[in-house]
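Please look over the model below with its surface and its helix packing in mind. The paragraphs that follow move from one chain to the other.

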Amino acid sequence: MSVSLDGAPKLRLAMKKFPTELDKETKKNIRTVLASVTGRAKGYLPSNAQMLSGWTNSTSSDDTAKYRAFPKYDQGKAIRGIKTSTKPSKPSRNGWTSLVSIANSNAGGAIYETAGRKNPNGQPAFQRTKFTPPTYREDGKAYNKSLNPNAGKQFVDSLNATGRLVNAREQGLVGRGTRKLTGRVIFRAWAEDGGKANAAVIKAVEKVSNKLNRGGA
Amino acid sequence: MANVKINILTEFLGKGLKEADKSVKSFERSVKSVSYLFGGGYLGAKVLAFSKTAVKAFAADDKAAQVLTRTLNNLGLGFSNLNVQKFISDIEKETGVLDDKLRPAFQKLLTATGSVVESQKILRTALDLSAASGFDLNTVAADLSKAYVGQTKGLAKYTLGLSAAELKGMKFADIQEKINKLFGGQAAVVADTYSGKIDKLNVLFANFNEAVGKGLLESLDNLSGQQGGGLSWMERRLDALSSSLNRATDNFSRFGGAIGLAFRGEGAAALDLLNQPQGGKKPAYTGAIPSIQSELAIKVAEDYLKKLRDEYLASLKITKEKQKQLALDKAKASLAKAQANFDITKINLAAALKGKVTEEERLRLLALQAIENENGDLALSWIAKLDAARKKAAEDEASRQENLIASIQARMNVIMALQDRVNAKIAGNTISAQAATVSDVQSRMDTISALQARVDAKIAGNSVTVNVAGSVISQQELVGAVRDGLLNDSLSAKQANVNRQLGSFIS
């Protein structure tokens, strides 16, 4: 989905040498282009009434607990958490840095975005069989610790009822791909956008690059 | 949750990643080399812990030095700053009293007297008084500085043998003279004791600590490019890996090397290593250190000091034990010598050696003697010589026998040659000079044969009449009579032949 660009940071550095309006203009153009995607994504967030009441109930969250409780969902906060970023990110361990990105930064919104994409039935309950490696423990992260063995499935099913998981990976690419491009909000919006926003972003960068190369703002 | 995002424009910073990776590996190598110097048990965290101690120590020392310098400047004695610093350093090495205590004491005296020379003299007095009385140097210096201005109340506790009124009435110079008379040289005496040596060791380590801290901060300053801002720069860059870390490798290597030298007891070399100029520059660190925000542990420094102390104590213990062992060995040797005087076997061996013995026997006796003295190595050496002597004797014997055989063979050859000559003679293959002898023998043999024939003929026709006068009783008398008769015949030119057979006579 992301487009690799050579020389983009250098372009940004070069833009810094020019009047600041050029850099601002680029950012503005990019945000404008991506606004359609983020707007669509914000529309996919359900209201509080559509969610499980326990998840939105304020008495069971970090307002009352001294530890970081399970994040609650709030539509307003989730909408405000969908942002466009034009700041280069920290390089990953593989050496990649992102220059333009759309993020779902609210905790509740991120849970709604990604719940069920690994296992549609939720986390399984721990069962030790003769095939279970001895290092696996009952209190491990990957296991359901609820008294309700179907808690995970019920939660995911309730979310699926309000929005479906969509794989935003482009068709025709080589390789197995990753499930991390699957989601209910931003990934769904990006997939439904059909690549138009992507092309527009690239065009915006090329536009400013041409301006620089012509030698003026 | 930062993972929930769509990356639209990305770039691969492979170059930066490689540089970062190289920096990390270089840094890891440096840390590993330092941890190796620490004995393998200390990793980068402990290096940092030691760094904190070093930096703090240098900070405190630098602050004290700056305060003293300011005092000197305020008194118009700034030109004596170097002299004072050197004086304090010398005193530190002499007495084992750290400059942390010397500087404040000196400062008190300086403010009271206003003279560097006077303060130096009084400081020496204060050191002697402190060593003798056991009171802290700062307390003593404070009392002396008060006494200098007329307040002698504090001197009562040192039991100088002077009453309060006498103290009040005396001049400070007289008081000082009295103290020097009573306690002069005490500081030097204490410095030579075991405790004083430990203190000197502490001084060495403290100076090393301060030098490490200074070196570390100078390294950071060089990295940051700003003097005095090294630490804050370090905090900003802690999250990023930059190529500057490659430059830091050299500094950390020297730093690690200096720590290693200190562990081996080469404190002076460690200090020299740290004081080496970096890249030709020798920046002077003069300002006060900015506040240190990052926390470093201090355990390593204390452990290091404890280790030095333990090693020193252990070395003393070993020396004592060695001395005990030497004394025991000496006593044992004396006892053995005394025992030897009454050992019959040894006496016999000694006596035997004094007698006339062959070389082989002498060696054997010496070997036995060494065995009796429980000197295995010496015994083995004598035995080896004995074996060599035996071997030589066997070789000589073999040689002698060979010579004998050769000699016999030579004689046999001579005899064989003679035999051949005799055989040759008998066979007639002789020299012409011998021929006459053979013919002479032959003629004689013919003569004998002719005579024999004549005798035979005579015997055949002759008879002998024996007239015996008287009677013949025995055969013996008869034989005697016949003999006499024959003898008379032969004398009268008559040939006679008597054959005796079976007791009868045939004539």
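In this predicted model, two helices of chain B, α16 (359-372) and α17 (376-426), each contribute at least two residues to a nonpolar patch. The patch lies on the surface, covers about 350 Å² and is formed by L368(B), I371(B), L380(B) and I383(B). Of these residues, I383(B) belongs to helix α17 of chain B, and its relative accessible area of 33% makes it partly exposed. That value still allows I383(B) to be counted in the patch, because a relative accessible area of 33% satisfies the requirement of over 30% that applies to patch residues.

Elsewhere in chain B, a pair of helices invites a closer description. Two packed helices are described by the angle between their axes together with the distance between those axes. For helix α5 (residues 116-133) of chain B and helix α6 (residues 137-148) of chain B, the axes come within 9 Å and cross at roughly 130 degrees. The crossing angle therefore makes α5(B) oblique to α6(B), and the sense in which α5(B) passes α6(B) is right-handed.

Turning to chain A, the secondary structure consists of 8 helices and 5 strands, and these elements follow one another from the N terminus in the order β-α-α-α-α-β-β-α-α-β-β-α-α. Chain A has 217 residues, of which 37% count as buried, where buried refers to a relative accessible area under 20%.

How values were computed
Residues are numbered from 1 along each chain as its sequence is written. Chains are lettered from A and ligands numbered from 1 in the order in which they are written. This is a predicted model: local features need pLDDT of at least 70, side-chain atom pairs count only at pLDDT 80 or more; totals for chains, interfaces and linings use all residues. Side-chain values use heavy atoms; hydrogens and water are left out. Patches are made of residues with over 30% relative accessible area and no salt bridge: like charges are joined within 9 Å, nonpolar side chains (Val, Leu, Ile, Met, Phe, Trp, Tyr) within 5 Å. Accessible areas come from the Shrake-Rupley method with a 1.4 Å probe; for residues, only the protein chains shown count as cover. A salt bridge is a side-chain nitrogen of Lys or Arg within 4 Å of a carboxyl oxygen of Asp or Glu. Helices (H or I, at least four residues) and strands (E, at least two) are DSSP runs, numbered from the N terminus. Buried means under 20% relative accessible area, exposed over 50%, partly exposed in between (1.4 Å probe, protein chains only). Axes are lines fitted to C-alpha atoms, for helices over the stretch in contact, and angles run from 0 to 180 degrees between N-to-C directions. Angles under 35 degrees count as roughly parallel, over 145 as roughly antiparallel, 65 to 115 as roughly perpendicular and the rest as oblique. A crossing is left-handed if the near helix is turned anticlockwise from the far one by less than a right angle, and right-handed if clockwise.
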